[in-house]
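Me: I'd like to learn how to read a structure like this one, step by step. Could you walk me through it?

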Amino acid sequence: MDEKKAAILGEIPRLRRYARSLLRDRDSADDLVQDCLERALGRLENWQTGESPRRWLFTIMHHLFIDQMRKVNRRGEAAMLPLEASEAQSAPAEQVESIASREIIDALQAISPDRRAALVMVAIEGFSYAEAANILGVPAGTLMSRIARGREELRALLDDTVRRRSIRIVER
Amino acid sequence: MSRRDFSERDIHMALDGELPGDERAAYDAWLEANPEMKAKSARYIADRAALRAAFAGVLDEPVPARLRKVVLGEAPARTPASGSRWWLAAAAAAVLAVGGLGGYFAGIGGVGREDEAEDQLAEQAIAAHVVYAAEQRHAVEVPAADKDHLQTWLTNRVGLKLVAPDLTAEGFQLVGGRLLPAGQGKAAMLLYEDAKGERVSLFVTAESAEKAKGTYAAEADGPEAVYWLDKGYGCAVVGSLPRERLAAVAKSAYGQLLAGLNS
């Protein structure tokens with residue numbers, strides 16, 4: 001197998017993790033990874049051997065994600081919202097998640113895509129600010145403010161979840 | 001060591017390993033001297049650990065064969081139509097970003113399906129609300145003073161046994177109602193108002209073949225609809241209230257409408 005392809009194969013687990021944190025749903029996340037890989041394979045000449053393909057692949061995937069989010073935002077879409085908390089809890093989990101994991105994953109999905117991507121890039125994927133700013137194509141200052149706002153929002157949502165849960169207990 | 005003032009921004013930098021090494025000691029001292037900032041830092045550290053833990057398992061999952069095949073050049077070419085649908089999940093995420101109700105979300109699985117019927121109901125209900133709730137003198141055809149007549153009239157026209165819900169507990173009084181076209185049929189609109197003049201409307205039609213419920217907003221800062229469809233009727237509650245209040249109004253209205261329909 002050629003060296004480039006082997007290096008790309010090695011990045012798939014991390015691409016899948018990043019996609020999962022952006023989209024949550026497993027099949028959708030893998031679809032995004034597949035789109036990314038197809039595009040990357042079509043532009044292999046853009047990547048210099050000897051260099052890790054990680055940043056190159058993350059950049060491609062991020063662009064696919066953000067372009068699509070913009071289109072979606074323009075269209076405006078509807079989401080299902082169960083009225084009863086008990087229904088939300090009985091919704092089939094696509095994977096075994098602890099309650100804490102589910103709450104933080106839900107909260108992560110609720111923050112804006114730009115902030116989510118910035119936060120995940122640094123906090124989960126471990127890129128430096130300079131690397132993340134480069135991949136996301138934004139100035140370092142913008143990246144920093146997205147990370148800071150993203151963290152604040154995430155925390156506020158988690159606090160809110162705890163508060164709501166305690167209200168529910170009182171209601172019963 | 002140069003002394004400088006630290007701020008919340010430094011909490012993020014320290015957490016992300018971006019604080020210069022020679023500032024670390026001064027930063028730690030600053031954190032010790034500011035309990036509020038120290039608590040904030042501790043929460044962010046815990047959140048990061050939770051985030052990492054939540055996604056750690058993905059790295060250990062076997063790589064799906066279809067992804068491997070793309071790289072190895074064994075994948076059949078995809079047509080755009082049969083291609084990826086990941087953007088449906090992205091759409092759901094976009095709505096959550098607007099609504100900020102992650103905790104209530106039942107998961108993305110339910111969103112990907114075709115949901116034109118409820119979109120249509122919600123859009124009609126929002127359009128009616130936008131037009132009539134803004135009217136001061138001509139908002140309704142039959143005022144609340146003629147409530148019995150209003151209920152009988154709308155019941156006969158729409159073809160559903162309609163009882164105007166009592167939303168007093170939620171702070172809303174009935175203003176009145178009107179008859180509207182909806183798709184191929186008719187819809188009843190009931191308008192309510194609170195002490196501050198804030199209005200919500202109920203939109204009920206007898207047209208529906210499927211069971212669904214959800215929320216819908218045509219624009220991020222426009223009124224929002226909470227809707228239900230069941231076999232034989234569709235109902236939406238529309239307003240520009242804070243989301244939890246709208247949900248409370250909707251829940252109360254739903255219970256009473258349902259009780260009325262089945263009475």
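Me: Let's start with burial: what share of the 263 residues in chain B is buried?

Reply: This is a predicted model, so keep that in mind throughout. Buried residues account for 45% of the 263 residues in chain B. In chain A, 56% of the 172 residues count as buried.

Me: How many helices and strands does each chain have?

Reply: Chain B has eight helices and seven strands. Chain A has eight helices and zero strands, and its pattern along the sequence reads α-α-α-α-α-α-α-α.

Me: Which share of the contacts joins residues at least 24 apart in each chain?

Reply: Take the contacts between residues at least 6 apart in sequence. In chain A, 71% of them join residues at least 24 apart; in chain B, the figure is 55%.

Me: Now to a place where the chains meet. How do I describe helix 2 of chain A against helix 4 of chain B?

Reply: The general idea is that two packed helices are described by the angle between their axes and the distance between the axes. Here, helix 2 of chain A (residues 26-42) and helix 4 of chain B (residues 65-72) have axes that come within 9 Å and cross at roughly 5°. Angles under 35 degrees count as roughly parallel, and these two helices are therefore roughly parallel to each other.

Me: Which residues make that contact?

Reply: From helix 2 of chain A, the contact uses A:Asp27, A:Asp30, A:Asp31, A:Val33, A:Gln34, A:Leu37, A:Glu38 and A:Leu41. Helix 4 of chain B brings B:Arg66, B:Leu67, B:Val70 and B:Val71. By type, the contact residues divide into six nonpolar, one polar and five charged.

Me: Is there a general idea that helps me look at residue numbers along a helix?

Reply: Yes: an α-helix has 3.6 residues a turn, so residues three or four places apart point the same way. Keep that in mind as you look along helix 2 of chain A, where the contact residues include A:Asp30, A:Gln34, A:Leu37 and A:Leu41.

Me: How covered is helix 6 of chain A?

Reply: Helix 6 of chain A is mostly covered, with nine of its 11 residues buried. The buried ones are A:Pro113, A:Arg116, A:Ala117, A:Ala118, A:Leu119, A:Val120, A:Met121, A:Val122 and A:Ala123.

Me: On to aromatic rings. How many aromatic pairs are there over all chains?

Reply: The count is six aromatic pairs over all chains. To read one, look at the distance between ring centres and the angle between the planes. A:Phe58 and A:Phe127 form an edge-to-face pair, 5.1 Å centre to centre with 75° between the planes. The pair links distant parts of the chain, 69 residues apart: A:Phe58 is in helix 3 (residues 54-75) of chain A, and A:Phe127 is in the loop between helix 6 and helix 7 of chain A.

Me: Are those two rings buried or exposed?

Reply: A:Phe58 is buried at a relative accessible area of 0%, and A:Phe127 counts as buried at 6%.

Me: What about B:Trp228 and B:Tyr254?

Reply: Their ring centres are 4.5 Å apart and their planes are at 15°, so the pair is stacked. B:Trp228 lies in strand 6 of chain B and B:Tyr254 in helix 8 of chain B, so the pair ties together parts that are 26 residues apart in sequence. B:Trp228 is buried, at 2% relative accessible area, while B:Tyr254 is partly exposed at 22%.

Me: Which residues form an aromatic cluster with A:Phe58?

Reply: A:Tyr18 and A:Phe127 join A:Phe58 in one aromatic cluster. A charge also comes in here: the charged end of A:Arg14 sits over the ring of A:Phe127, 6.0 Å from its centre. In chain B, the charged end of B:Arg178 sits over the ring of B:Tyr132, 3.7 Å from its centre.

Me: Finally, how do I read a single residue, such as B:Leu167?

Reply: Ask for its place, its cover and its neighbours. B:Leu167 is in the loop between helix 7 and strand 2 of chain B, and it counts as buried at 0% relative accessibility. Leaving out residues up to four places away in sequence, B:Leu167 touches B:Phe172, B:Tyr192, B:Val249, B:Ser252, B:Ala253 and B:Gln256. B:Leu167 and B:Ala250 are 83 residues apart in sequence and 9.5 Å apart in space, C-alpha to C-alpha.

Technical notes: Residues are numbered from 1 along each chain as its sequence is written. Chains are lettered from A and ligands numbered from 1 in the order in which they are written. This is a predicted model: local features need pLDDT of at least 70, side-chain atom pairs count only at pLDDT 80 or more; totals for chains, interfaces and linings use all residues. Side-chain values use heavy atoms; hydrogens and water are left out. Axes are lines fitted to C-alpha atoms, for helices over the stretch in contact, and angles run from 0 to 180 degrees between N-to-C directions. Helices (H or I, at least four residues) and strands (E, at least two) are DSSP runs, numbered from the N terminus. Angles under 35 degrees count as roughly parallel, over 145 as roughly antiparallel, 65 to 115 as roughly perpendicular and the rest as oblique. Contact means heavy atoms within 4.5 Å. Ala, Val, Leu, Ile, Met, Phe, Trp, Tyr, Cys and Pro count as nonpolar, Asp, Glu, Lys and Arg as charged, and the others, Gly among them, as polar. Rings of Phe, Tyr and Trp (its six-membered ring) pair if their centres lie within 6.5 Å; planes under 30 degrees apart count as stacked, over 60 as edge-to-face and the rest as tilted. Buried means under 20% relative accessible area, exposed over 50%, partly exposed in between (1.4 Å probe, protein chains only). A charge sits over a ring if NZ of Lys or CZ of Arg is within 6 Å of the ring centre and within 35 degrees of the ring normal.
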